[in-house]
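User: I would like to learn how to read burial and contacts in a protein model. Please take me through one case.

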Amino acid sequence: MKNLNSRLSALQNIYFSLMNEILKGYTVIELSSVLAGPYAGMMFSELGAKVIKIENETTNGDVTRSWRHPSENKDTNISTYYSSTNYKKEILFMDLSKMNHINKVYKLIKTADVVITNFKQGDDFKFALDYGRVKVINPKIIYGTIKGFDNQPKRVAYDVVIQAECGYMSMNGQADSPPTKMPVALMDVLAGHQLRSGILAALLRREKTKKGALVQVSLEKSAISSLVNQGSNYLMNGIPAKRIGSRHPNIALYGEVFTTLDNEEIVLALGSQKHFQSLCRALNVPDILDEENYSSNQKRLVHIELLVKKLEPEFLKYNFSQLKTKMSEYNIPYGKINDMKTVANSETGKSMTMHEEIQGEATTRFSTIAFEIK
């Protein structure tokens, strides 16, 4: 096992070193805090760009430095939250109310490729760092900016607020539970993805036109753009999303959780009639296939409760290892419900884990990059 871990570590280092060459020579000035902007900025640092993060010295830096779990060291201002999105960044503390500090930022911008901001409305002008002024300093700059709501510029918008107002909380949770936010600030992550996609597109266009650009992203639009099938369910058929736990509104059995004999939990992701037929054969309950109530996906959705009651005792006949063998044999999509420890210790989790010392503190996070370029 030790030799295997050593080989994995060596391969990981080779992979990261290759990725670090992709944007080598590019410079990003990060004038943003919390999650969405820093998340976008971290991708650039992972790909080899020089990312200079400007933090407010009058408030002890990015607010997430103080977002510590109760079990974290209270005597450090490097929280795990902050660590998650600020890998390989050069940190500069400045007071943007001072003109000499703004002039230092101007000097950095003059030779930079990208600026990432999430100023509150008016603060970009207050600090003389609005796009109009920045593009005078550097006409080729790509200026990326994030806001909360698209048409309510003065309104403060944290992730959970966007989850609430863009439909996510209304459809997340069990049928009898209150509206529930997701346990990850996914609206910020989605906005970060949108921003870095926009910046990369603008950089590509700049290669052709030699011109800079303003890239604007809102958490609200990022959230709505990600509603996909739930959005079309309503737009096309007037069907509003409801809280149905892990179940899928359009597919059965997809998202259904079952418990095994040894008390492990697995989730099914049956996407076709063939998958359902294979499941019934794997569990040795072929008679269910003859029942009209379960003869099609739509009928299974209507009779989902009855179907689940029929299947629950069948899953309890097998240990997880036995079910794993059967699921693989019949090519049935399933997943074992793992906790964070299991994920972190998995081969993939280990391959995506990155370590760095920030201001004397040892920090660890998962890579924000899930793609490979070969």
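Analyst: We go from the whole chain to one helix and then to one residue. This is a predicted model, in which local features need pLDDT of at least 70, side-chain atom pairs count only at pLDDT 80 or more, and totals for chains, interfaces and linings use all residues. Residues are numbered from 1 along each chain as its sequence is written, and side-chain values use heavy atoms, with hydrogens and water left out.

User: How many helices and strands does the protein have?

Analyst: Helices (H or I, at least four residues) and strands (E, at least two) are DSSP runs, numbered from the N terminus. Here there are 17 helices and 11 strands.

User: What share of the residues counts as buried?

Analyst: Buried means under 20% relative accessible area, with a 1.4 Å probe and protein chains only. Of the 374 residues, 41% count as buried.

User: Which residues of helix H12 are buried, and what covers them?

Analyst: An α-helix has 3.6 residues a turn, so residues three or four places apart point the same way. In H12 (residues 273-282), the buried residues are Phe 276, Ser 278, Leu 279, Cys 280 and Ala 282. Their cover includes strand E8 (265-269) and helices H13 (297-302), H14 (304-315) and H15 (320-329). Asn 284, with a positive phi near 60°, follows H12.

User: Why does Ser 83 count as buried?

Analyst: Ser 83 counts as buried because its relative accessibility is 4%. Ser 83 lies in helix H3 (residues 80-83). Leaving out residues up to four places away in sequence, Ser 83 touches Ile 78, Thr 363 and Arg 365, where contact means heavy atoms within 4.5 Å.

Technical notes
Buried means under 20% relative accessible area, exposed over 50%, partly exposed in between (1.4 Å probe, protein chains only).
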